[in-house]
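Subject: The structure you asked for

Hi there,

Here is the structure, ready for you to open and turn around on your screen. My notes on what was found in it follow below.

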Amino acid sequence: MIILSKLADYGVIVASHLAAHPERQETATAIAAATRLPPATVAKLLKALAHAGLVSATRGAAGGYRLARLPAAISVAQVVAAIDGDIGMTQCSVHAEDCERTTYCPTRPHWAAINRAVGAALSAISLAEMIGPLAFAPVMFAEPAAPRAGILMDELPR
């Protein structure tokens with residue numbers, strides 16, 4: 001089973017909440033209340049997201065947090081990386097120096113390809129898509145494919 005860290009999961013929740021109202025600036029307390037996450041955790045996540053340049057913070061009485069870019073310009077991979085660091089399916093794929101089997105492990109090169117695939121999948125999903133109502137609708141809700149040009153419906157095999 002592949003599982004993101006709890007903090008990365010919560011980071012996506014916080015970032016998605018901000019993406020739902022990109023024009024709004026909210027305090028950490030308000031975000032914690034809206035997402036039902038612990039205030040200290042939300043504060044920690046907002047600090048990491050701000051450090052990564054994904055969230056901007058304004059101090060003062062009217063201060064708060066908002067996304068630094070449009071929701072469509074921030075990927076889930078960027079949010080996860082801001083919280084957890086490099087995306088890696090195995091410890092050795094991110095921290096090769098920590099593994100004593102690096103020089104002879106037959107699976108290590110394959111994990112790099114898998115990491116790239118997972119990273120590409122997370123990079124392909126933006127925060128705008130995470131908040132969309134039909135972002136991941138089943139295929140049955142997708143529009144039917146148009147017939148190919150030059151083929152009449154009566155000419156299709158039955």
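**Arginine 69 and its surroundings**

Setting aside neighbours up to four places away in sequence, arginine 69 is in contact with Gly53, Leu54, Ile74 and Gln78. Please keep in mind throughout that this is a predicted model. Arginine 69 sits in the loop between β2 and α4. With a relative accessibility of 32%, arginine 69 counts as partly exposed. The C-alpha atoms of arginine 69 and valine 55 are 7.7 Å apart, although 14 residues separate the two in sequence.

**The chain as a whole**

The chain has 158 residues, and 26% of them are buried. Its secondary structure consists of seven helices and two strands. Read from the N terminus, the order of the elements is α-α-α-β-β-α-α-α-α. If we take the contacts with a separation of 6 or more, 62% of them join residues 24 or more positions apart.

**Helix α1**

The 15 residues of α1 should span 21 Å at 1.5 Å a residue, and the distance between its end C-alpha atoms is 21 Å, so the two agree. Which residues of α1 are buried? They are Ala8, Gly11, Val12, Val14, Ala15, Ser16, His17, Leu18 and Ala19. These buried residues pack against α2, α3, β1, β2, α4 and α7 (127–131).

Two residues of α1 deserve a visit of their own. Histidine 17 lies in this helix, and it counts as buried because its relative accessibility is 15%, below the 20% cut-off. Leaving out residues up to four places away in sequence, histidine 17 touches Glu26, Ile31, Ala34 and Thr35. Alanine 20 is also found in α1, but alanine 20 is partly exposed, with a relative accessible area of 40%. The C-alpha atoms of alanine 20 and proline 71 are 8.2 Å apart, with their positions 51 residues apart along the chain.

**Where α1 meets α2**

How do the axes of α1 and α2 cross, and at what angle? They come within 10 Å of each other and cross at roughly 105 degrees. The two helices are therefore roughly perpendicular to each other. On the α1 side the contact is made by Ile13, Val14, His17 and Leu18, and on the α2 side by Ile31, Ala34 and Thr35.

After α2 comes a residue worth clicking on. Arginine 36 is in the loop between α2 and α3, and its phi is near 60 degrees, a positive value in a residue other than glycine. Arginine 36 is exposed, with a relative accessible area of 77%.

**The salt bridge**

How many salt bridges does a search of the whole structure find? It finds one. The partners are glutamate 26 and arginine 24, whose closest N and O atoms are 3.9 Å apart. Glutamate 26 is buried, at 9% relative accessible area, whereas arginine 24 is partly exposed, at 36%. Glutamate 26 is also one of the residues that histidine 17 touches.

**Helix α3, with its two sides**

Helix α3 covers residues 39–51. At 1.5 Å a residue its 13 residues should span 18 Å, and its end C-alpha atoms are indeed 18 Å apart. Buried in α3 are Thr41, Val42, Leu45, Leu46 and Leu49. Why do they fall on the same side of α3? They cover an arc of only 130 degrees around the axis. The general rule behind this kind of pattern is that an α-helix has 3.6 residues a turn, so residues three or four places apart point the same way.

The buried residues of α3 pack against α1 (6–20), α2 (28–35), β1 (55–58), β2 (64–67) and α4 (76–84). On the face turned away from that buried side are the exposed residues Ala40, Lys44, Lys47 and His51. Following α3 comes glycine 53, with a positive phi near 80 degrees. Glycine 53 brings us back to the beginning, as one of the residues in contact with arginine 69.

Happy browsing, and do write back with any questions.

Best wishes

Definitions and conventions. Residues are numbered from 1 along each chain as its sequence is written. This is a predicted model: local features need pLDDT of at least 70, side-chain atom pairs count only at pLDDT 80 or more; totals for chains, interfaces and linings use all residues. Side-chain values use heavy atoms; hydrogens and water are left out. A salt bridge is a side-chain nitrogen of Lys or Arg within 4 Å of a carboxyl oxygen of Asp or Glu. Buried means under 20% relative accessible area, exposed over 50%, partly exposed in between (1.4 Å probe, protein chains only). Helices (H or I, at least four residues) and strands (E, at least two) are DSSP runs, numbered from the N terminus. The expected span of a helix is 1.5 Å times one less than its number of residues. The arc is that of the directions from the helix axis to the C-beta atoms. Contact means heavy atoms within 4.5 Å. Axes are lines fitted to C-alpha atoms, for helices over the stretch in contact, and angles run from 0 to 180 degrees between N-to-C directions. Angles under 35 degrees count as roughly parallel, over 145 as roughly antiparallel, 65 to 115 as roughly perpendicular and the rest as oblique.
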